[in-house]
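Me: I'd like a close look at the empty space inside this protein, starting with the cavities. Could you walk me through what lines them, and then go on to the features around them?

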Amino acid sequence: MTTSLAPPVRIGKAAVGALGMLAVATGALESVVAPTLPLLQRELDMSPSEGALLSIVLLITGALVTPVAGKLGDRYGGKRVLIRLMAVVCAGGLVSALAPNLPVLLLGQVLQGAMVGALPLSFILVRQHLPAGESKVAIGVVSGLFVGGGMAGTLSAGPVAEGLSRHWMFALPTIAVIGATMLVNRLMPHDPPGRPDDSGIDWPGLVLLSGTLVTLMLVLALAPDIGSQPLVLGALIVVLAAFVTGWLAVERRAASPMVDPRMLARPAVWKSCVLTFVICVGTSVAVYLVPQLFAVPAGEYGFGASATQIGFFLLPGAVAASLAGPISGIGARRFGSRAVVTAGIVLMVAALIALAAVHTEVWHLVIGKAMIALANGLCVTAMVTSTATSVDRSDTGIATSLVLVTRVLGYAVGAQVSGAILTASTPSGSDVPAESAFVTGFVIAGAVTALSLLVVRTMSKGVKE
């Protein structure tokens, strides 16, 4: 039997490639709703509030499942949990593909949300079967391919839904997920379970953590409408505080906590979480505002681009995002994680400020968005690899899942802030926000991202291989 002290069982490029294919497929399946939401609203006769619910339900499920999947993977073995998790995802994809109405589609999205937990499980497998230096590169490759798959799904969802049907835009990536899961099951060796643990599942901690994340996502969803329902938002904030307090109290006393608060106190973990959150807030502002600016009528200050044209304009960003992961992994190996994160933040701040100053031509937005996508991939991948290699192998899943959950929350906050800025700057009776709203959004995102350099200065340089 292989023990935690034995040398890692080496895996070949085929096994890492299978994990990469799974990352591409799940990334594509995760991203198909956002670009086709107007189409889904028309076909399923959804109200704007129902459309908003559909757009965030996958994120809510992902935020809930990710830390649980990471913990179970650490305890019972990454491959064992990953295959079972992907069975749930495949079922969700098929339900979404066959959904005749909104309730069934929501059910499918809830099941699909489990896919977010696949990344920390992949990281567990990589760390178990590769030496430290090679595992950094492999984690970068898998992370980059997940981001690239998400961009590919964003680009292809509209043409598939319009050319075939909305059913096929879920069916095609689901088929890819099924095939990739079968490859992983065949090519990836089983990893041994982690530390022996007879304490069972920390159900109280799991329930309180779920309540915390669900309430937080609801607060973010309602924040732009604070003027119309301040009492509801205030009540949710009180409930959120109660959940957080209860969760911390329970986890400190649990024999085997689902998420050990002491891990959050480790500098390598909390710094990665803070940086990931701030950087993803800045990234999501660009992700939200750039397509909106493309779509502004040409008679105003925009370009009047169609959905297909916008997808084409975003293609360089998709390429940059997919390349960022492996570049970051190699950079972290050679120069250390801090150097890679610093370079990514500087690049992102420069791109955001440049977009605020100059956005009168299509190529301005194309290049700016590509730079931001590259910078985001460099930073997030470097922080995930730094976190993964700074904790015990038995804690890889839960530590990296915490970083990935903050990534989801950062994107949610940035999107809500961007939407609120545009809404507040749209004149009464008009559908077009003032151009100054875009400038304000880019400047705020750049300033917030620049502040993260204060945290980067306190990071360790990271191991250079």
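Reply: Here is a tour of the cavities, followed by a pocket, a salt bridge and a surface patch. Keep in mind that this is a predicted model, so everything below is computed from predicted coordinates.

Let's start with the closed spaces. Rolling a probe the size of a water molecule over the atoms shows where empty space is left. Here the count comes to two cavities of 30 Å³ or more. The largest has a volume of about 100 Å³, and the second largest comes in at about 40 Å³.

Take the largest cavity and go around its wall. The residues lining it are L119, F123, S143, F146, V147, N376, G377, V380, T381, V384, L404 and R407. Four helices each put in at least two of these residues: α6 (118-129), α7 (132-163), α16 (362-390) and α17 (396-424). Helix α16 has the largest share, with five residues. As for chemistry, the lining of the largest cavity splits into seven nonpolar, four polar and one charged residue. If you want to find R407 on screen, look for it in that lining.

Now move to the second largest cavity. Its wall is made by L19, L22, A23, T26, A118, L119, S122 and F146. You'll recognise L119 and F146, which also turn up in the lining of the largest cavity. Helices α1 (13-30) and α6 each supply at least two residues here, and α1 gives the largest share, four residues. By class, the lining of the second largest cavity has six nonpolar, two polar and no charged residues.

Next come the open spaces, and one pocket to look at. The second largest pocket has a volume of about 490 Å³. Its lining runs to 19 residues, and T212, L213, W247, L264 and L409 are the ones nearest its centre. The elements giving two or more residues to that lining are α3 (48-76), α9 (203-222), α10 (230-253), α12 (267-295) and α17. So where have you met α17 before? It was among the helices supplying at least two residues to the wall of the largest cavity. The pocket lining is made up of 17 nonpolar, two polar and no charged residues.

With the spaces done, turn to charge. How many salt bridges does the structure hold? There is one, and it pairs R166 with E43, with the closest N and O atoms 3.1 Å apart. R166 sits in helix α8 (residues 166-187) and E43 in helix α2 (residues 33-43), so this contact ties together parts that are 123 residues apart in sequence. The two partners have their own surroundings: R166 counts as buried, because its relative accessibility is 8%, while E43, at 46%, counts as partly exposed.

Last stop, the outside. F312, L315, V319, L323 and I327 make a nonpolar surface patch of about 470 Å². Helix α14 (residues 315-335) gives the most to this patch, with four residues. F312 belongs to helix α13 (residues 307-313). Is F312 buried or exposed? It counts as exposed, because its relative accessibility is 57%, over the 50% cut-off.

Technical notes. Residues are numbered from 1 along each chain as its sequence is written. This is a predicted model: local features need pLDDT of at least 70, side-chain atom pairs count only at pLDDT 80 or more; totals for chains, interfaces and linings use all residues. Side-chain values use heavy atoms; hydrogens and water are left out. A salt bridge is a side-chain nitrogen of Lys or Arg within 4 Å of a carboxyl oxygen of Asp or Glu. Buried means under 20% relative accessible area, exposed over 50%, partly exposed in between (1.4 Å probe, protein chains only). On a 1 Å grid over the protein atoms alone, a cavity is a set of points where a 1.4 Å probe fits but cannot get out, and a pocket is an open set with protein on both sides within 12 Å along at least five of seven lines; lining residues have an atom within 4 Å of a point. Grid points are joined across faces, edges and corners, and a volume is the space filled by probe spheres set on the points. Ala, Val, Leu, Ile, Met, Phe, Trp, Tyr, Cys and Pro count as nonpolar, Asp, Glu, Lys and Arg as charged, and the others, Gly among them, as polar. Patches are made of residues with over 30% relative accessible area and no salt bridge: like charges are joined within 9 Å, nonpolar side chains (Val, Leu, Ile, Met, Phe, Trp, Tyr) within 5 Å. Accessible areas come from the Shrake-Rupley method with a 1.4 Å probe; for residues, only the protein chains shown count as cover.
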